[in-house]
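Q: Could you take a close look at the aromatic side chains of this protein, and at how their rings are arranged with respect to one another?

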Amino acid sequence: MRAVLLACFFLSGSSGLILESLWTRQLGLVFGSTTLAISTVLATFMGGLGLGSYVAGRFADRIKNPVRAYALAEAGVGIYALFIPLILKAYPGFNSWMYRVLGDHFLLLSTVRFAGAAVLLLIPTTLMGATLPLLARHFVMRPWELRRSGLRIGTLYAVNLFGAVAGAYFAGFVFLPLIGVTWTNVTAATFNLTLATAIVVARRRLPEADKDVADVTAEERLDEAAVAAHLETTALPPPPEVTARARRAVMAAFAVSGATAMTLQVLWTRSLAILLGSSVFSFTLILLAFLIGLGVGAAVFARLGQRTRHPVQWLAALHLLTAAAVGATYLFTDRVPYIFTWLLQSSSFGVDAVLVCQFALACITVLPATLLMGGVFPLTVRVVTGGLDSVGHDVGNAYALNTVGAIVGSFLSGFFVLPRLGLEKGIYVAVLFDLALAAMLFLAAPGLPRRRREAGVAAAVALALLGLVIPRWDLGSFSSGFFRVSIAREYIYRKIHKRGWKTPELVFYEDGMATTVSVDRWDNIYSLKNNGKVDASNDADMPTQIIVGLLPFLFYSQPHPPKVALVGYGSGVTAGAITQYPIKSLEVVELEEAVYRGSHFFENDNHRPLQNPKVTARVGDGRNFLTQRSDKFDVIVSEPSNPWLTGVSNLFTREYFKLVKTRLAEHGIFCQWAQLYEMAPWNIKTILGTVRSEFPYVYVFSAEDWSSDTILIGSMDPLPLDYDVVARAFQDPVTRAEARRGGFQSPHDVFAYLLLGPDELEAFTAAAPINTDDNARIEFAAPRDLLGYAKFEPYRANVYGPMWPYGRLSELVRGYGDGPDKSSRCGALARSLLAHGKSREAELWTRRAEAAGNSPEAHHARLLLNLVSTRLDRDPEIPLAPGEELAPPVVPGYLADKHPELIAKVKEEYPEVVAHYRAHRFVTGYKVLESWPEDLWAGLGKDFSLLTGFLDYKAEIYADAIDELKALSEDATYVARRPELLYYLGRSHYAASQFTKAVDALERYIRSQTVLGRDVLPAAM
């Protein structure tokens, strides 16, 4: 029977962990992802466990058949779990009512939220908490079993923890990704019902007379005989030496250790989320490492601890060693990113290999301490089980006290330790408490010689003092973000090839309640990070941040100023872009308050929206913000972080978009950011298709040329791409200036960024599954895409390539039809399309412009098309120096002194290069120059730089060609003499997919040639 019960308690641990994660997840969708909301749900869950343990402890010793009671408790959990999804359907309405009635009052909301969670969770969690005291009573029913109480109950505890390990693994890596929330809940409930049935069947099939015999091993029969004869044998564990004072100290320590363990778990989880990423898989791996440590520690010390007469001394030593272990792992925590790159360097970059590396890092961080923490329970049980008639009571009280401590630790870590002390000081304070417990237990331990007692206390004090002088973390390395394999690979590549890795200056760092926020600086470039992941910058991210904020307003056609909501603040650039349109009001909601403080480093770029009287900044969960509102918005902009992040993924589900729809006013516009990078094409389609499932009219725009960011504009009403509406927005000088800062030089550029229209999007996403709260497809798929990003990199070339079949404007745009300015508008649109790489579409609109009257804009568009085109297999060329020779290179004195042989080399080989150039053997000429020292190229004169830039272009080394020619283009005097460089600079930009820069360079070329009276087109044209 014992084997059956152990197997059932293993299964109970699995189902309990699965149900805890599911219920926390589901209530998080209702109450939000704030620290307060999550802590409230966890406190309710743990409170139920503590209550169940306490209540069961009161009755366990008087129950005639504790196994039957245990089976009934498990059956009750399973049955109730099946009904929880039905009960949860009423909670969104309850949450909305709560905010409408109570308003934004912290204490009232917390109380009512706790009550709401308690109504749902109190019954099943109380039943869960009752299981350990009931089984403890069954496993310790005889005098000789009392002598082995630590082993028998500790083994129960360890088995349950190993079950939790299995539950965490299968929930995170198997059940939720494959069958979703609903069926995972059913599976876990089935576990409970199955084990309850197994116990009933086992008891019926095993005769009553044989039940006790079946549970007793040969060794235990000897123990029983020895106890009956009042004999002490070497096989029989000695009775523990415990006084009433020591027992009280151990109970108090067990309660406080629950708080310190929970605090350390919260702090480790935050630290490892920064080091490993904040995906659902990272959190699962962290939890696995924590549970494995506790389980192994409980199993080992349950057996070792039964042989000692001094369990209180052992407990004191365990707390002392736990503090030392935490300190030891602290010393290398900030080096974990580099350990990660070392592990990656010695393995493949496959997704599973990366996950194994991350798990290894989680283990080396938490296992040393958790192995020791796991030993606290069995040793505590050995101390507190005072008599055979009170085993259930003693275990129930101890477990209840430990759970209360865990509740206190959960709240303190989230609301005081992290925001007030931060990670490093928080870990130190937790260690201080462990050291204080060690000192207290050394003082209370009976039978401990005075010198050893003093030595134990002195060791605790010494470790506390040592913690004040050990090195602090390098926070720049700590928040480096190497969990993104693309960054780790770049670091590895540079390390292997002995290239420098520039580390930014950390100018802001704050451990907030929800995330850790930091700001890095490279010269004048700033980037803002959440948990080590860059969410905003004032460099490459600027176009995306501006356009996300401004784009929906360019299509806004209502007569009244719009009321706006923005989900996600980041650097504040998006909020600032919104304020550049004449809005009525803007409400911003950001999960982490520290983000607002970090955004002050972007005040030169974000128009300082926090100082704008029209802007209201709130702290909270974006989804909950929309749930609690009864008013509506004309425009809602959703700019969360990446969907692979746990919590953020909830802002990409069908239920979220349905909620957004309910908060939009009539003719309202919804704007959603979505990524193209580090994500599989089919998951991109899932996100786009999920938005399309709720909004019938959705346009997908690119943020800039070849951008890895897309912007979705959705509406419930037809939303035509009307030139006159966009042009009206451009009439406002403030709005126009902001649009140009984001890359929209004219209203035509807005349409040129289109990737998919509403009907095209429907076809594009036709077979894509929808992402829902229940299936959480993106939450579980996107992290794997992030780790295996390399195989998806070519997809962006398909989106921006010439064969992309979507984004056709003919049936979508208005304002380009009949009228006196049709030719000029069509020509200007063609020019914008060409400036964004859409040459095929540009050709179509150029022909329309020419057919409508051949305006200057039409002629200009045709000229640009000719300049970027390639005729069959021949690249049209123009002379670099019409009517004259390029100036020969002259070796400067500083190079001649350093390398005198260069003068002869240049004099001998340069004529050969010129001969190859004249004979159109460009690559051969480039090969000659390739043998010259690189620093020589930049020192031989501007005409020589023009020649090398031209040869780089012909050799299709476009980046080098751009570097050479761009430097020359900044010299206005030289450009006036050699405007041909602009032609090749433009073509190099176009070949490198830098389309806007290409058109700008070619337009400068056209103007220069026109001024000089030269032909613009190459002779071949």
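A: What follows is a description of the aromatic pairs, and then of the charged side chains placed over rings. The model is a predicted one, and a search of the whole structure finds 50 aromatic pairs in it. One of them joins Y169 and F170, whose rings lie 5.4 Å apart from centre to centre with 85° between their planes, an edge-to-face arrangement. Y169 is partly exposed, at a relative accessible area of 40%, and F170 also counts as partly exposed, with a relative accessibility of 38%. Another pair is made by Y983 and Y1005, which is tilted because the planes stand at 50°, between the limits of 30 and 60 degrees that separate stacked from edge-to-face pairs; the ring centres of Y983 and Y1005 are 5.5 Å apart. This pair links distant parts of the chain, since Y983 belongs to helix 42 (residues 980–991) and Y1005 to helix 43 (residues 995–1012), with their positions 22 residues apart. Y983 is buried, at 0% relative accessibility, and Y1005 is likewise buried, at 0%. Both tyrosines are members of a cluster held together by ring pairs, which also takes in Y917, F922, F950, Y953, Y958 and Y984. Turning to charged side chains, K563 lies over the face of F633, at 5.1 Å from the ring centre, while R848 is placed over the face of W845, at 4.5 Å from the centre of that ring.

Notes:
Residues are numbered from 1 along each chain as its sequence is written. This is a predicted model: local features need pLDDT of at least 70, side-chain atom pairs count only at pLDDT 80 or more; totals for chains, interfaces and linings use all residues. Side-chain values use heavy atoms; hydrogens and water are left out. Rings of Phe, Tyr and Trp (its six-membered ring) pair if their centres lie within 6.5 Å; planes under 30 degrees apart count as stacked, over 60 as edge-to-face and the rest as tilted. Buried means under 20% relative accessible area, exposed over 50%, partly exposed in between (1.4 Å probe, protein chains only). Helices (H or I, at least four residues) and strands (E, at least two) are DSSP runs, numbered from the N terminus. A charge sits over a ring if NZ of Lys or CZ of Arg is within 6 Å of the ring centre and within 35 degrees of the ring normal.
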